[in-house]
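Here are two short exercises to work through with the structure open beside you. Try each task before reading its solution.

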Amino acid sequence: ESFPETNVLINNVGAYLIQSSLNTSVEEWHGLFHTNLHAPFEIIQALTPALKKSKGNIINIGCVGVESTQADTYSSAYMISKQALLMLTKSVALELAPSGVRVNMLSPGHLEHSVDLPKDLSVIPVGRAAKSDDLTRVVTFLLDEENSYITGQNIDVAGGLRL
């Protein structure tokens, strides 16, 4: 009700925890899922009427590798919560497509300011971390009406990481 003119929603939130599942407390687990999955769901649900009215866009921010089925012990709860966000993205995209609302995900790899940026950037196939502009260009692309046939997709912006 407070934002009836909303035409773009970018869920750019993420609590990040570097540890395995079994070393994650129940409170940490719940916190990650609340921040990375439940909050975006609640915001999407609340803004759906305005987004339908404007035939708007939703972009969820994921994490490189969310489409992988490979197990992860580095940041397990984080990755699982972002994988769940991907499924939410696809489900909501399917549900809102008839209303003209597009829903996609952008999944970055290591950014220049990442908390776990490797010292040796050669582990990233392109040899460098992402700059903010690398991400904003993809957001701009997804928001462009010229690309209105794209929905339910995840785009890794990760310089080839996790290929």
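**Exercise 1: the setting of Asn154**

Keep in mind that this is a predicted model. Start with a side-chain pair: a polar contact of 3.3 Å links the side chains of Asn154 and Asp156.

Task: Find which other side chain makes a polar contact with that of Asn154, and decide whether Asn154 is buried or exposed.

Solution:

1. Place the residue. Asn154 belongs to strand β4, which covers residues 154-157.
2. Look for the polar partner. The side chain of Ser107 makes a polar contact of 2.6 Å with the side chain of Asn154.
3. List the contacts. Setting aside residues up to four places away in sequence, Asn154 touches Val66, Glu67, Leu86, Met105, Leu106 and Ser107.
4. Check accessibility. Buried means under 20% relative accessible area, and Asn154 has 12% relative accessibility, so Asn154 counts as buried.

**Exercise 2: the nonpolar cores**

Task: Work out which residues touch the most other members of the largest nonpolar core, and which element gives the largest share of this core.

Solution:

1. Pick out the hubs. The largest nonpolar core has 20 residues, and Ile58, Val92 and Val103 touch the most other members.
2. Assign elements. Two or more residues of this core come from each of α1 (26-54), α2 (76-96) and β3 (102-108).
3. Compare shares. α2 gives the largest share, eight residues.
4. Look for another core. Apart from this one lies a core of 10 residues, including Leu106, Leu135, Val138 and Val157.
5. Zoom in on one hub. Beyond its neighbours within four places in sequence, Val103 has contacts that include Ile58, Val92, Leu96 and Thr151.

Terms used: Residues numbered from 1 in each chain as written. Predicted model: local features only at pLDDT ≥ 70, side-chain atom pairs only at ≥ 80, totals over all residues. Heavy atoms only, no water. Helix = DSSP H or I, 4+ residues; strand = E, 2+ residues; numbered from the N terminus. Buried < 20%, exposed > 50% of the residue type's maximum accessible area, 1.4 Å probe, protein only. Polar contact = N/O pair within 3.5 Å; in protein donor to acceptor, adjacent residues only side chain to side chain. Contact = heavy atoms within 4.5 Å. Core = buried A, V, L, I, M, F, W, Y, C linked by side-chain atoms within 4.5 Å.
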